[in-house]
Amino acid sequence: MVAHVPMKANGTKVLKGPERVATLLFAMGKPAASRILKHFNEEEIRLVTKSAAQLGPVSPTQIEQLVEEFASNFSDGADLVGGAAHIEKLLTGILSPEQIASIMNEVVGNANRSIWERISTVSESAIASYLMKEHPQTAALILSKVKPSCAAKVMTQLPQPLRNNLMRRMLSMKPIVDETMKNIEKTLHEDFMANFSKNAGADTHAKIADIINKMERDHMEDVLTSLSTVRPKSAEILRGLLFTFDDIVKLTPKDRTTLFDQVPPDRVVLALKGTNDEFRKVVLSALSSRVRRMIEHELNSKEPSAHRDIADARRSITDLALEMAGRGEIVINSESEEEAYF
């Protein structure tokens with residue numbers, strides 16, 4: 001279905017707020033536009049970018065009227081045709097490549113997608129949290145419109161009474177008139193998708209932290225040091241999300257025991273090679289007396305092991321800790337090292 005575009009009596013397109021801003025930015029050229037865009041926050045840039053990508057032709061007459069309305073000086077020129085390529089070029093040098101890629105991916109990739117398709121790509125936990133705050137009938141409507149695979153995952157995140165209630169409502173749902181549906185979609189876009197995009201940065205940091213966690217310690221430090229020079233705030237956030245083998249001493253005694261109950265003794269032996277006596281003492285205290293004696297005997301034998309094997313053993317233990325923390329079985333980064341020792 002083709003969206004209705006508001007037109008004036010003379011056949012020209014009616015430009016709304018963000019479209020008017022986009023038109024003026026294109027008209028003034030990159031140098032001047034760049035200086036102005038630096039004063040916009042990222043959400044404002046996203047809004048203008050989406051409008052610019054779908055702007056289409058703008059006549060010189062409309063441009064002149066816009067300029068006069070904003071009390072600016074402007075001379076007649078050629079027609080403008082806004083598009084994604086133009087706005088991407090305009091953003092170059094103003095935002096980082098990562099920010100531009102994120103914005104353009106959303107603009108180009110989502111321009112022709114419905115709100116329901118976009119919601120279907122959001123994590124089920126985020127959708128479930130949103131639905132639990134809504135009226136059950138609204139929640140049932142949303143679940144009936146998103147992709148079935150998405151709805152099924154969201155259902156597993158909801159309390160059983162609400163889940164059953166929503167299923168009954170979905171079965172008895174009647175068709176909704178177009179105007180009402182448009183209002184619902186508009187509200188969802190403003191109330192749900194806009195708020196989600198504000199929190200996208202947190203998800204990005206979590207994904208990057210997961211990648212860094214799997215690097216060698218030297219590489220990890222190199223990446224964080226490099227980030228600290230260009231994006232110190234992001235580097236600080238990432239450090240708070242990381243969990244390395246050295247951080248095992250920060251776990252509570254109970255969580256250490258829970259973790260090492262799942263680790264084979266031969267892997268513990270490999271992982272502890274090259275560690276100091278204090279660290280070994282903390283880890284060994286989480287083991288049963290029989291397993292502890294066996295591991296101590298192996299460590300005292302001084303049998304050499306390849307550095308790669310030791311690194312792999314340590315990484316497998318930290319990966320396990322992160323997986324268990326994700327399932328809520330243990331809590332990581334919750335205590336300082338001094339508190340965890342006692």
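Among contacts in the chain between residues at least 6 apart in sequence, what percentage join residues at least 24 apart? The answer is 71%. Keep in mind that this is a predicted model, so every value below is computed from it.

**The overall picture**

We're looking at a chain of 342 residues, of which 35% count as buried. Helices dominate the list of elements: there are 21 of them, alongside 2 strands.

**Two nonpolar cores**

The largest nonpolar core is made of 28 residues. Inside it, the residues with the most contacts are I248, L259, F260, L272, I295 and I317. Five helices each put in at least two residues: α16 (253–260), α17 (265–272), α18 (277–284), α19 (289–300) and α20 (307–326). Which of them gives the most? That's α20, with 5 residues. Apart from this core there is another one, of 22 residues, with A128, L141, I142 and A151 among them. As general background, nonpolar side chains in soluble globular proteins tend to be buried together.

I248 is a handy place to start if you want to click through the largest core. Leaving out residues up to four places away in sequence, I248 touches F243, R256, F260, F279, V283 and I317. Two of those names, F260 and I317, are also on the list of residues with the most contacts inside the core.

**One aromatic pair**

How many aromatic pairs does the structure hold? Just 1. The partners are F245 and F279, in a tilted arrangement with 5.2 Å centre to centre and 45 degrees between the planes. F245 sits in the loop between α15 (232–241) and α16, while F279 belongs to helix α18, so the pair ties together parts that are 34 residues apart in sequence. Buried or exposed? Both F245 and F279 are buried.

**The second largest pocket**

F245 turns up again at the second largest pocket, where it is one of the lining residues closest to the centre, together with E216, R217, A311 and R314. This pocket holds about 400 Å³ of space and is lined by 16 residues. Two elements, α14 (217–230) and α20, give two or more residues to the lining. Here too α20 gives the most, this time with 6 residues. By type, the lining splits into 6 nonpolar, 4 polar and 6 charged residues.

**Pairs that are far apart in sequence**

The table sets out four C-alpha pairs, with their separation along the chain and in space.

| Pair | Separation in sequence | C-alpha to C-alpha distance |
|---|---|---|
| V263 and A313 | 50 residues | 9.8 Å |
| A271 and A313 | 42 residues | 5.2 Å |
| T121 and C150 | 29 residues | 7.8 Å |
| I237 and A209 | 28 residues | 9.1 Å |

A313 is the partner of V263 and also of A271, so let's take those two rows together. 

V263 is found in the loop between α16 and α17. With a relative accessible area of 8%, V263 is buried, since the cut-off is under 20%. Beyond its neighbours up to four places away in sequence, V263 touches V268, I317 and L320.

A271 lies in helix α17 and is buried, with a relative accessible area of 1%. Leaving aside neighbours within four places in sequence, A271 is in contact with F245, I310, A313, R314 and I317. That list includes F245 from the aromatic pair, and F245 and R314 from the pocket lining. I317, meanwhile, is touched by I248, by V263 and by A271.

The other two rows begin with residues that are not buried. Where does T121 sit? T121 is found in the loop between α7 (115–119) and α8 (124–131). At 57% relative accessibility, T121 counts as exposed, because the cut-off for that is over 50%. I237, in contrast, lies in helix α15 and counts as partly exposed, at 35% relative accessibility.

Terms used:
Residues are numbered from 1 along each chain as its sequence is written. This is a predicted model: local features need pLDDT of at least 70, side-chain atom pairs count only at pLDDT 80 or more; totals for chains, interfaces and linings use all residues. Side-chain values use heavy atoms; hydrogens and water are left out. A nonpolar core is a set of buried Ala, Val, Leu, Ile, Met, Phe, Trp, Tyr and Cys residues joined through side-chain atoms within 4.5 Å. Buried means under 20% relative accessible area, exposed over 50%, partly exposed in between (1.4 Å probe, protein chains only). Helices (H or I, at least four residues) and strands (E, at least two) are DSSP runs, numbered from the N terminus. Contact means heavy atoms within 4.5 Å. Rings of Phe, Tyr and Trp (its six-membered ring) pair if their centres lie within 6.5 Å; planes under 30 degrees apart count as stacked, over 60 as edge-to-face and the rest as tilted. On a 1 Å grid over the protein atoms alone, a cavity is a set of points where a 1.4 Å probe fits but cannot get out, and a pocket is an open set with protein on both sides within 12 Å along at least five of seven lines; lining residues have an atom within 4 Å of a point. Grid points are joined across faces, edges and corners, and a volume is the space filled by probe spheres set on the points. Ala, Val, Leu, Ile, Met, Phe, Trp, Tyr, Cys and Pro count as nonpolar, Asp, Glu, Lys and Arg as charged, and the others, Gly among them, as polar.
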